[in-house]
Amino acid sequence: MASSQDVHVRICGQEIIKYDLEIKALIQDIRECPGPQSVLMDFNSKVKEKLNQLRLRIQNMEQMAKEQDRETDKQAILSETESHRRQNLSNQTAWRKANLACKLSIDNLEKDQLLNGGDSTVRQRKATKESLVQTSGDITESLMSISRMMAQSVSQIEETIGTLVRNC
């Protein structure tokens, strides 16, 4: 019969897989997003939320591994945790690439509309001061987000190296 700890670990693993699949679906939505920027920003906020939930569940699984009595169970769960971390990093990379592709597509579409005599509301919107401030803010937020993701990746790598050093 499975112990209570085993059940909790399995449930945590299932939640991690659920979040992973939800993130992958959102990344696919971003790849297929025709625009505008506000829709992309909505998708990005959902991805950030799911990535945060996934990160917390991975940390929970790691904590459960540390609480295991048997070393073999502990190592198996830590190995699974590390696999989920690598998958999370892969998701973040795919998210960044999908974002860049979508932003490029939206920029090209807007450029075509401007060059091909798109309606005057597009020109007016681009020329307004509020639009420029919003674009500047969006770029700043994107850069800060990338910086945070890179810092998180570095800390995860440091933690992994620390774990490997302690286990060797």
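In the largest nonpolar core (buried Ala, Val, Leu, Ile, Met, Phe, Trp, Tyr and Cys residues joined through side-chain atoms within 4.5 Å; buried means under 20% relative accessible area, exposed over 50%, partly exposed in between, with a 1.4 Å probe and protein chains only), Ile 30 and Trp 95 touch the most other members out of 26 residues. At least two residues of this core come from each of helix 1 (4-31), helix 2 (37-66) and helix 3 (71-115), helices being DSSP runs of H or I with at least four residues, numbered from the N terminus. Helix 2 supplies the largest share, 9 residues. The model is predicted, with local features requiring pLDDT of at least 70 and side-chain atom pairs pLDDT 80 or more, while totals for chains, interfaces and linings use all residues. Residues are numbered from 1 along each chain, and side-chain values use heavy atoms, without hydrogens and water.

Beyond neighbours within four places in sequence, the contacts of Ile 30 (heavy atoms within 4.5 Å) include Leu 40, Phe 43, Val 47, Trp 95 and Cys 102.

The structure holds 8 salt bridges, defined by a side-chain nitrogen of Lys or Arg within 4 Å of a carboxyl oxygen of Asp or Glu. Glu 15 pairs with Arg 57, with closest N and O atoms 2.6 Å apart. Because Glu 15 lies in helix 1 and Arg 57 in helix 2, this pair ties together parts 42 residues apart in sequence. Glu 15 is partly exposed at 28% relative accessibility, whereas Arg 57 is buried at 19%.

A salt bridge also joins Glu 159 and Arg 85, at 3.0 Å between the closest N and O atoms. Glu 159 belongs to helix 5 (residues 129-167) and Arg 85 to helix 3, so parts 74 residues apart in sequence are tied together.
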